[in-house]
Every structure is written in C-alpha cells, then in structure tokens.
Amino acid sequence: MKLTIEDLANEVNKSLSDLKSEDKRFSNNLSPRRIRDYISKGMLDKPFKDGRNIFFTELHVQKLIALREVQSEGISEENIKKIGRAHVWTP
C-alpha cells in the first residue's frame with residue numbers, strides 16, 4: 001500500500017477518531033504538517049521515494065497510531081524521543 005501524506009493523515013485520523021485524552025493540548029486531528037514535524041524530529045521514519053514521488057506505507061500508519069496513543073496518555077515528545085533512542089520500538 002502506497003499512501004500520500006494526506007492519505008496517511010486520513011488513515012490515522014480514522015483509526016483514532018475515538019481516542020480521548022485528558023491533556024487539553026492533545027488534538028485528535030493529525031495534519032500533514034504535524035506528520036512532517038514528527039519526521040523532522042526523528043519520531044517517524046522518512047517516507048519512501050519513487051522517482052520524484054514520496055509515499056508512506058502501512059508501517060507508517062501503525063507507528064503514527066502508536067505514537068499518538070502514547071501522546072494521548074500525556075507522555076511528552078522529549079520522553080518519546082528518549083525511549084526511541086534507547087531502543088527501536090514498533091507497534
């Protein structure tokens with residue numbers, strides 16, 4: 001499955017539509033801009049390239065869902081990055 005960044009955001013948003021958080025700063029709506037931010041911070045793998053096109057896969061969907069679930073529990077991005085450096089995590 002090859003997804004554009006917009007398709008990736010839509011897939012994750014559908015999967016997490018019922019996710020609730022006590023953290024008022026947490027938003028259920030994941031945008032392409034936020035996905036780019038996660039990539040630039042090293043919290044999400046870079047997309048694959050096919051010529052001039054980039055695409056995401058099901059693995060990106062699963063990792064983003066796991067990342068968003070952890071964030072909804074109030075774990076900060078800094079702590080998530082520390083965990084990520086300690087070991088490679090997969091959903």
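**Close-up views of a predicted four-helix, two-strand chain**

**Figure 1. Overall arrangement of the predicted chain****.** The chain contains 4 helices and 2 strands. Along the sequence, these elements are ordered α-α-β-β-α-α. Of the 91 residues in the chain, 33% are buried. The accessible surface amounts to about 6200 Å², and carbon and sulfur atoms contribute 49% of that area. Among contacts with a separation of 6 or more, 61% are between residues 24 or more positions apart.

**Figure 2. Confidence of the prediction across the elements****.** The model is predicted, and its average pLDDT over the chain is 83. A score of at least 70 is reached by 80% of the residues. Among the elements, strand β2 has the highest mean pLDDT, 94, while helix α4, spanning residues 77-86, has the lowest, 68. Where pLDDT is low, the predicted coordinates should not be read in detail.

**Figure 3. Packing of helix α1 against helix α2****.** Helix α1 comprises residues 5-15, and its axis comes within 9 Å of the axis of α2. The two axes cross at roughly 100 degrees, and α1 is therefore roughly perpendicular to α2. On the α1 side, the contact is formed by I5, E6, L8 and A9; on the α2 side, the participants are P32, I35 and R36. Classified by residue type, this contact of α1 with α2 has 5 nonpolar and 2 charged residues, with no polar residue.

**Figure 4. Packing of helix α2 against helix α3****.** Helix α2 covers residues 32-40 and helix α3 covers residues 58-72. Their axes come within 13 Å and cross at roughly 90 degrees, so α2 and α3 are roughly perpendicular to each other. R34, I35 and Y38 of α2 meet L64, L67, R68 and Q71 of α3. By class, the contact of α2 with α3 has 4 nonpolar, 1 polar and 2 charged residues. Residue I35 of α2 takes part here and also in the contact with α1.

**Figure 5. Surroundings of V12 in helix α1****.** V12 belongs to helix α1. Its relative accessibility is 1%, and V12 therefore counts as buried, the cut-off being under 20%. Apart from neighbours within four places in sequence, V12 is in contact with L30, V61, L64, I65 and R68. One of these partners, L64, lies 52 residues away from V12 along the chain, yet the C-alpha atoms of V12 and L64 are separated by 6.9 Å. L64 and R68, both contacted by V12, also belong to the residues of α3 that meet α2.

**Figure 6. Position of L19 in the loop between α1 and α2****.** L19 is located in the loop that lies between α1 and α2. Its relative accessibility of 18% is why L19 counts as buried. L19 and S72 are 53 residues apart in sequence, whereas their C-alpha atoms are 7.7 Å apart in space.

**Figure 7. Surroundings of T57 in the loop between β2 and α3****.** T57 occupies the loop between strand β2, residues 53-55, and helix α3. With a relative accessible area of 18%, T57 is buried. When residues up to four places away in sequence are not counted, T57 touches M1, L3 and F48.

Terms used:
Residues are numbered from 1 along each chain as its sequence is written. This is a predicted model: local features need pLDDT of at least 70, side-chain atom pairs count only at pLDDT 80 or more; totals for chains, interfaces and linings use all residues. Side-chain values use heavy atoms; hydrogens and water are left out. Axes are lines fitted to C-alpha atoms, for helices over the stretch in contact, and angles run from 0 to 180 degrees between N-to-C directions. Angles under 35 degrees count as roughly parallel, over 145 as roughly antiparallel, 65 to 115 as roughly perpendicular and the rest as oblique. Contact means heavy atoms within 4.5 Å. Ala, Val, Leu, Ile, Met, Phe, Trp, Tyr, Cys and Pro count as nonpolar, Asp, Glu, Lys and Arg as charged, and the others, Gly among them, as polar. Buried means under 20% relative accessible area, exposed over 50%, partly exposed in between (1.4 Å probe, protein chains only). pLDDT is the predictor's confidence in each residue, from 0 to 100. Accessible areas come from the Shrake-Rupley method with a 1.4 Å probe; for residues, only the protein chains shown count as cover.
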